[in-house]
Amino acid sequence: MTNDKYYLISACKDGNPMLRDGQTGDWIGTFLGHKGAVWSARLSSEAHRAVTGSADFSAKVWDTFSGEELHSFNHQHIVRAVNFSPDGTKIVTGGQEKKLRIFDLYRPEAPPVEAEDHTGTIKTVVWHSTQNLMFSAGEDGIIRVRDLRVMKEVTALQAGGPVSSMNVSTEGNLVYWTAENKVCFWSLDLGLSPTEDMIATHTMPRSVSSVALHPGGDRFVVGSDSDPWVRIYDALTASEKEVHKGHHGPIHAISYSPDGEVYATGSEDGTIRLWQSDPTKSYGLWQSTTNAD
């Protein structure tokens with residue numbers, strides 16, 4: 001998000017990640033250079049850089065203004081997860097090597113800092129915005145938390161199954177993830193060594209592949225790999241509030257806009273759909289019209 005505007009970046013199996021206007025979905029540009037499916041794409045906090053991870057065994061960093069490839073970091077296997085540090089000076093990658101790598105963008109030629117303690121493919125990596133913490137998870141069903149000041153693991157939390165998505169809330173006090181048919185919430189206010197009863201777990205009636213928590217914290221939206229519907233639940237009770245149809249395939253990715261007015265869903269059907277949180281408002285593409293008397 002920058003200057004009250006925000007942007008959307010998408011990854012796709014066609015190998016062509018795209019940058020779009022977050023409010024309207026209007027296409028801005030395509031990053032050309034990968035030779036395989038792009039499994040992960042993220043923007044820096046100021047949206048001036050993008051990072052992508054691909055099946056071509058590489059992670060690339062891009063200039064979002066020109067579309068130019070700035071750096072390419074080779075790996076030994078498919079890269080499934082990428083992310084920026086909060087200040088945008090480093091990236092982290094993970095994937096089928098079961099290894100985390102942190103690259104310094106000020107010294108791109110330097111060897112990365114590495115960690116090898118996952119036993120399955122790493123599918124998601126989150127860098128906490130204010131604390132020196134990194135969260136990683138994937139097929140081994142363990143969320144590993146590292147203190148980046150010493151690159152030491154401080155917590156290994158059983159996630160309840162293989163983790164398909166994970167994120168940190170806008171306020172930075174919650175880590176939440178999807179594992180099989182569960183959506184789980186961990187309050188960092190309770191510390192970095194939670195017991196099982198300190199994790200709020202909502203069991204869904206079907207498998208869930210992705211989740212996003214509204215910035216207000218009162219609801220969450222989930223997608224499934226078993227049907228194409230988008231569902232919104234109450235964050236406290238997990239009661240179903242809304243169901244939306246439109247996709248024609250499993251939903252792999254979901255994200256709310258910073259202001260919570262819109263959420264985006266990405267599907268196996270090759271489309272990204274934008275949904276308005278409150279259809280009664282005029283916002284972005286949704287402009288109400290009034291007829292003059």
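**Exercises on salt bridges**

In this predicted model, the count of salt bridges comes to 18.

**Exercise 1.** Determine which residue pairs with Arg146 in a salt bridge, and where the two partners lie.

*Solution.* Step 1: the partner of Arg146 is Asp117, with the closest N and O atoms 2.1 Å apart. Step 2: Arg146 belongs to strand E14 (residues 142–147), whereas Asp117 sits in the loop between strand E11 (113–115) and strand E12 (122–127). Step 3: the pair links distant parts of the chain, 29 residues apart.

**Exercise 2.** Classify Arg146 and Asp117 as buried, partly exposed or exposed.

*Solution.* Step 1: buried requires a relative accessible area under 20%. Step 2: Arg146 has a value of 1%, so Arg146 is buried. Step 3: Asp117, at 26%, is partly exposed.

**Exercise 3.** Explain why the salt bridge of Lys123 and Glu139 ties together separate parts of the sequence.

*Solution.* Step 1: the side chains of Lys123 and Glu139 meet at 3.7 Å, N to O. Step 2: Lys123 lies in strand E12 and Glu139 in the loop between strand E13 (133–138) and E14, so the parts tied together are 16 residues apart in sequence. Step 3: Lys123 is partly exposed at 28% relative accessibility, and Glu139 is partly exposed at 42%.

**Exercise 4.** Describe the salt bridge of Arg219 and state which residues salt bridges with shared partners join into one network.

*Solution.* Step 1: Arg219 pairs with Asp218, the closest N and O atoms being 3.2 Å apart. Step 2: Arg219 is buried at 18%, while Asp218 is partly exposed at 38%. Step 3: the network formed through shared partners joins Glu97, Lys99, Arg101 and Glu114.

Terms used
Residues are numbered from 1 along each chain as its sequence is written. This is a predicted model: local features need pLDDT of at least 70, side-chain atom pairs count only at pLDDT 80 or more; totals for chains, interfaces and linings use all residues. Side-chain values use heavy atoms; hydrogens and water are left out. A salt bridge is a side-chain nitrogen of Lys or Arg within 4 Å of a carboxyl oxygen of Asp or Glu. Helices (H or I, at least four residues) and strands (E, at least two) are DSSP runs, numbered from the N terminus. Buried means under 20% relative accessible area, exposed over 50%, partly exposed in between (1.4 Å probe, protein chains only).
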